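Here is a short guided tour for a reader who is new to this protein. Please take a look at the sequence and the model, and then read on.

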Amino acid sequence: MTTKIILFTPKGELSAGANLTAFIEVCRYELKVFGANLVWDAPDWDISSSVERASRKRRGRIALVWSNYDTSKQRIGEIMSQPFLDFGRAYMRYQHAMRPTDNVGQRLSALRALERALIEESIDGVPHVELSNGASFQRAAYLLQQKFSSGTAYKAGTQLEIIANFIRDQLFLAVPFIWRNPIPREQDRNRVGKKFNEERTKKLPTETALQSLATAFNQARHPIDVLTTSVGAILASAPSRISEVLGLPFLCEHTEKLNGDVAYGIRLFPAKGADGQIKWIGGTMADVTRSAIEKIRNITNESRRIAKWYETHPGQLYLADEIQHLRYKKFLSPEEIASIIGFKKDNTSKVWAHSNGCKRVQGPNDSSRILYLFTDIETAVVRLLPKGFPVMNKETGLRFKDALFILPKNFFHAKKASYRCMFEIVTEDSLNIQLGGGVHLGKSSVFSRLGFTEADGSAIKMNTHQLRHWLNTLASGACLSQLDIALWSGRKDIRQNQVYDHITSDEFLARIRDLKSLAIPESTKEIAMNAPMSREEYLQQKFPTAHSTPFGFCVHDWSSLPCQRHADCLKCREHICLKCDAGKASRIRRTLDDCEVQLSNAEEAVADEYYGADRWLEHHRERTEILRSLVALLDDPEVPNSAIFQISLPNEYSLIRAAIDDRRLVDAEVKQIEMTRLLRENIYPDEVPGVKA
């Protein structure tokens, strides 16, 4: 079903309020996104049928609940105030038409924060969009930071910036302004301290969990355990998102001769914008992944066959071979319904039929018998086909009959029987519960069923995304370049690597010591001649050079480019501080004292409305916050001596690093483009072992 897109065009001769009113009228009465029969004034909108869940994280109802900032987490909350509420409804409907997304919550969070900010700034407590200004958006950004984690707040702040640009471009503002999201992409990450250790523990699986997963992969016999551990094996072989794995086609394996050896990989489409790629798997993990995919195929073969049948027989009910004779019957008994669906009890058939709108009918010969029309049962079952059938993923064109991960309906359900005549997709939530995510609710996991626990006897709990963090941390610890890690992980933005890097300060310091150990001793009398360095050797270097600074030491490669920070070391991501150096620590403290004075002077200047003082205030505030963080770490007794602190500036741009990355990306991009073309054309090589197209 296609939706007609209506492009709203503001009129320059109208006031901001008039253009805003016209926009709301168009979205309310002409736009059909979220359904032509949408109840505009309802306290919430059910948009389940309009949102594509590319991530397949969970099933169920998707709703836009129009509660405000303060009551958004309550089951029954106070809705946003008018006239902002109508703008919010119109904006969500219009934006989903222009820029559809499966994560509508971030847009809604940005609207709630803006409504709250406008109420606070208004004289009468009424939020008017046309009276928005930079201060109101700044306040909304602050509210997002107060309510959400740094990562979530950044994403919602990005949506807030989109709103600011939208209302300016559509002439909804009485006084136009330009506003940018002030929320940093990620907070500066120090590799020491309680906060870092808590984050590392949360993001990485325990050693016991990893060992238990490997053992369970070999011991599992029940289909649920086999499938769960096989997915874990695939995730442990290459840093993939679970949505990428669950979107794999049946023919996903790829082999290729490289340098005389046979390389093995799997085809997939990265979930966040990167092109389709082959993820190569090396060493013994290649055999593990082959085995895992074969186990998954054996479990999912029947569901693929059923999906193919429904695609070639639209509107008809699938029947197993031994009950094909039921297709020619007009009436079905509860026993026959049970044999079709897979129920073990006849009473279950009666309850199912009633809940799915199938009415009892009088038998032609015995009025006391409970019977149901075959056509009613057929309609009820066909209605259970997954959304979008026969296409599972619109972006890649993958059809259900070709998907690797489709299972009998209710496959993961602890009490309900699995369907014999219907299938469903695998979700992230289902797998996380099997990995221990539901133990606090009394649900069993693959580990509890096989008798595995943590060393202290507690239940093992892990999730699918922890394996991606674990592999990225291993790669970083092995000094794999950030570009290679991004390519291996399927990222378009190399800056996203830092979120997945959980190397400790001791591990990071070991890298620097290894680098320093390569220096030529002073006692050496002969001058060592430097052999010419190949292009690849140069590009692979992690730390080409290091030298001392007043506050620590610098790892910038001065042979490639002069300092881009003009020696402002404290705001440079290529600068490292050491706790064990007392002299440099004292300089940091003295510099902080000076900055505190300068910050106070700048604040007084802003209060006195000196021209340009706001820029100095921003500069001193940022510098002071960095110094305060460093001093706090230096004074923290829990931070061990020899700990290192590296400033993380995710938005900083490095010209030389960008040039190097661009050069290394050339060959990779050419191969990715060709791989994308093959994937979209459904071209699969014949050399996949054990598989025939």
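## A buried arginine and its partner

With a relative accessibility of 4%, R297 counts as buried, because the cut-off for that label is under 20%. Keep in mind, as you look around, that this is a predicted model.

Which residue does R297 pair with? Its partner is E294: the two form a salt bridge, and their closest N and O atoms are 3.8 Å apart. E294 is partly exposed, at 38% relative accessibility. Both residues belong to helix α10, which covers residues 285-312. They sit three residues apart there, so about one helical turn separates them.

## The protein as a whole

Now for a step back. The protein has 693 residues, and 46% of them are buried. It contains 22 helices and 16 strands. Its accessible surface is about 36,300 Å², with carbon and sulfur atoms contributing 52% of that area.

How much of the contact pattern links residues 24 or more positions apart? Among contacts with a separation of 6 or more, such pairs account for 66%.

## The sheet that helix α10 packs on

Helix α10 brings us to an open sheet of three strands, arranged in the order β3-β4-β5 with antiparallel pairing. At its edges are β3 (253-258) and β5 (277-281), each of which pairs on one side only. From one strand to the next, the twist averages 40 degrees.

Six bridges connect β3 with strand β4 (residues 261-268), and the two pair in the antiparallel sense. To find a spot where they face each other, look for K257, which stands opposite V262 in β4. Helix α10 packs on this sheet and touches β3, β4 and β5. The direction of α10 makes about 45 degrees with that of β4. As a general point, the strands of a sheet pair through backbone hydrogen bonds, in either a parallel or an antiparallel way.

## Another three-stranded sheet

Further along the chain is an open sheet of three strands with the order β6-β8-β7, and its pairing is antiparallel. What stands at the edges of this sheet? The edge strands are β6 (331-332) and β7 (360-362); each has a single partner strand, so one side of each has no neighbour in the sheet.

β6 and strand β8 (residues 370-373) run antiparallel and are joined by two bridges. Here F331 stands opposite L373 in β8. A helix packs on this sheet as well: α13 (residues 374-382) touches β6 and β8. Its direction makes about 65 degrees with that of β8.

## A strand covered on both faces

Strand β15, residues 575-578, is covered on both of its faces. H575 and C577 lie on one side, I576 and L578 lie on the other, and all of them are buried.

What does β15 pair with? Strand β14 (residues 553-554) runs antiparallel to β15, and two bridges join them. Across this pairing, F553 stands opposite I576 in β15.

## Salt bridges and a small network

Beyond the E294 and R297 pair, there are further salt bridges to explore: the structure holds 20 salt bridges. One of them joins the side chains of D41 and R28, at 3.2 Å from N to O. R28 lies in helix α1 (16-29) and D41 in the loop between α1 and β1 (44-46), so this pair ties together parts that are 13 residues apart in sequence. R28 is partly exposed, and its relative accessible area is 28%.

Another salt bridge brings together the side chains of K401 and D402, with 3.4 Å from N to O. Both ends of this pair are partly exposed: K401 has a relative accessible area of 26%, and D402 has one of 33%. Which residues are joined into one network by salt bridges that share partners? They are R28, D41, D86 and R89.

## Cysteines without disulfides

How many disulfides are there? The count comes to zero. Two cysteines you may like to look up are C27 and C421. C27 counts as buried because its relative accessibility is 0%, and C421, at 0% relative accessibility, is buried too.

Definitions and conventions:
Residues numbered from 1 in each chain as written. Predicted model: local features only at pLDDT ≥ 70, side-chain atom pairs only at ≥ 80, totals over all residues. Heavy atoms only, no water. Disulfide = S-S within 2.5 Å. Buried < 20%, exposed > 50% of the residue type's maximum accessible area, 1.4 Å probe, protein only. Salt bridge = Lys/Arg side-chain N within 4 Å of Asp/Glu carboxyl O. Helix = DSSP H or I, 4+ residues; strand = E, 2+ residues; numbered from the N terminus. Pairing = 2+ DSSP bridges. Axes fitted to C-alpha atoms, helices over the stretch in contact; angles between N-to-C directions. Contact = heavy atoms within 4.5 Å. Areas by Shrake-Rupley, 256 points an atom, 1.4 Å probe, with all protein chains shown as cover.
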